[in-house]
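Work through these exercises with the sequence and the 3D view open. Try each task before reading its solution.

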Amino acid sequence: EGTKSTGQDIPPVDRFIFVSESCLPVTTLEETEMALFGPKNASDSSASLYDKSWVNARSTPNNGYSRQLQWDAIRADNIPPNYIWKADQWMVLTRRDAEAVATLPSQHLNGRQLWPAFRKCRASDEIFFPTVMSCLGIICRQDGEAQVDDFSKGESCAGRIRRRRITYCDWSQSAKNPASFTSQDWKDVVLKARREGCLFAR
């Protein structure tokens with residue numbers, strides 16, 4: 001006879017993966033676990049290499065649309081421009097970083113919510129999380145970096161972030177929407193996504 005779970009035997013969620021209904025996995029569950037958590041028998045020092053959020057963030061607009069409808073849509077008296085960052089809306093947050101974002105109002109703003117500052121911002125899901133993480137010091141420029149963009153080298157921002165895409169998208173046909181693909185394209189899409197170290201394709 002089975003026993004009911006009390007919830008105490010369920011391990012805590014340690015990674016929060018942001019994906020949409022149009023994202024399909026390109027790796028096995030075992031490969032995804034390895035990418036996010038590392039080997040099960042890893043030493044503490046090795047495990048710390050994997051204890052990072054995946055946020056493909058940049059500190060500057062990547063086009064005029066982004067400048068006008070994202071950066072300029074946030075009032076400077078709410079958030080100074082140098083704290084505004086943008087990232088893919090598909091990301092992975094560690095429990096530590098997710099909790100820091102969720103508790104920002106109560107821990108630092110006397111209960112005041114920050115999300116109204118993004119009300120006029122287009123595609124605010126690309127801006128909200130990395131900007132809040134920037135305000136918390138989780139995402140920042142490395143010493144000597146004037147900006148972080150598509151040409152910046154390295155994965156890490158402040159040691160806690162891996163600047164890696166979790167979801168493969170093909171933007172070569174349009175700057176507004178990623179290319180669509182059919183079942184006939186899937187094999188090639190999977191190969192490209194896995195080659196870039198992505199876990200999903202959109």
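**Exercise 1. Find N110 in the chain, then describe its backbone and its exposure.**

Solution. Start with location. N110 sits in the loop between α5 (104-108) and α6 (128-135). The model is a predicted one. Next, read the backbone angle. The phi of N110 is near 55 degrees, a positive value in a residue other than glycine. Compare that with the general rule. Most residues other than glycine have a negative phi. Last, check exposure. The relative accessible area of N110 is 82%. The cut-off for exposed is over 50%. So N110 counts as exposed.

**Exercise 2. Repeat the analysis for A123.**

Solution. A123 is also found in the loop between α5 and α6. Its phi is near 55 degrees, again positive in a residue other than glycine. Now take the accessible area of A123, which is 26% in relative terms. Buried needs under 20%, and exposed needs over 50%. A123 is therefore partly exposed.

**Exercise 3. Is Q70 buried or exposed, and which side chains does Q70 join by polar contacts?**

Solution. Locate Q70 in helix α3 (residues 64-71). The relative accessible area of Q70 is 0%, so this residue is buried. Now look for polar partners. The side chains of Q70 and S66 are joined by a polar contact of 2.9 Å. Another polar contact, of 3.0 Å, links the side chains of Q70 and E126. Finally, list the neighbours. Leaving out residues up to four places away in sequence, Q70 touches Y65, K86, C121, R122, A123, E126 and I127. A123, from Exercise 2, is in that list.

**Exercise 4. Work out which side of helix α7 is buried, and what covers it.**

Solution. Pick out the buried residues of α7 (residues 186-195): V189, V190 and A193. They span an arc of only 100 degrees around the axis, which puts them on the same side of α7. The spacing rule helps here. An α-helix has 3.6 residues a turn, so residues three or four places apart point the same way. Turn to the other face. The exposed residues K187 and R195 lie on the face turned away from the buried side of α7. Then find the cover. It includes β9 (167-168) and β10 (200-201). Just after α7, G197 has a positive phi of about 80 degrees.

**Exercise 5. Describe the lining of the second largest pocket.**

Solution. Begin with volume: about 160 Å³. Then sort the lining residues. They divide into five nonpolar, two polar and four charged. Among the lining residues are I74, N78, R112, L114 and K120.

Note on methods: Residues are numbered from 1 along each chain as its sequence is written. This is a predicted model: local features need pLDDT of at least 70, side-chain atom pairs count only at pLDDT 80 or more; totals for chains, interfaces and linings use all residues. Side-chain values use heavy atoms; hydrogens and water are left out. Buried means under 20% relative accessible area, exposed over 50%, partly exposed in between (1.4 Å probe, protein chains only). Helices (H or I, at least four residues) and strands (E, at least two) are DSSP runs, numbered from the N terminus. The arc is that of the directions from the helix axis to the C-beta atoms. Contact means heavy atoms within 4.5 Å. On a 1 Å grid over the protein atoms alone, a cavity is a set of points where a 1.4 Å probe fits but cannot get out, and a pocket is an open set with protein on both sides within 12 Å along at least five of seven lines; lining residues have an atom within 4 Å of a point. Grid points are joined across faces, edges and corners, and a volume is the space filled by probe spheres set on the points. Ala, Val, Leu, Ile, Met, Phe, Trp, Tyr, Cys and Pro count as nonpolar, Asp, Glu, Lys and Arg as charged, and the others, Gly among them, as polar. A polar contact is a pair of N or O atoms within 3.5 Å; within protein, one must be able to donate a hydrogen and the other to accept it, and residues adjacent in sequence count only if both atoms are side-chain atoms.
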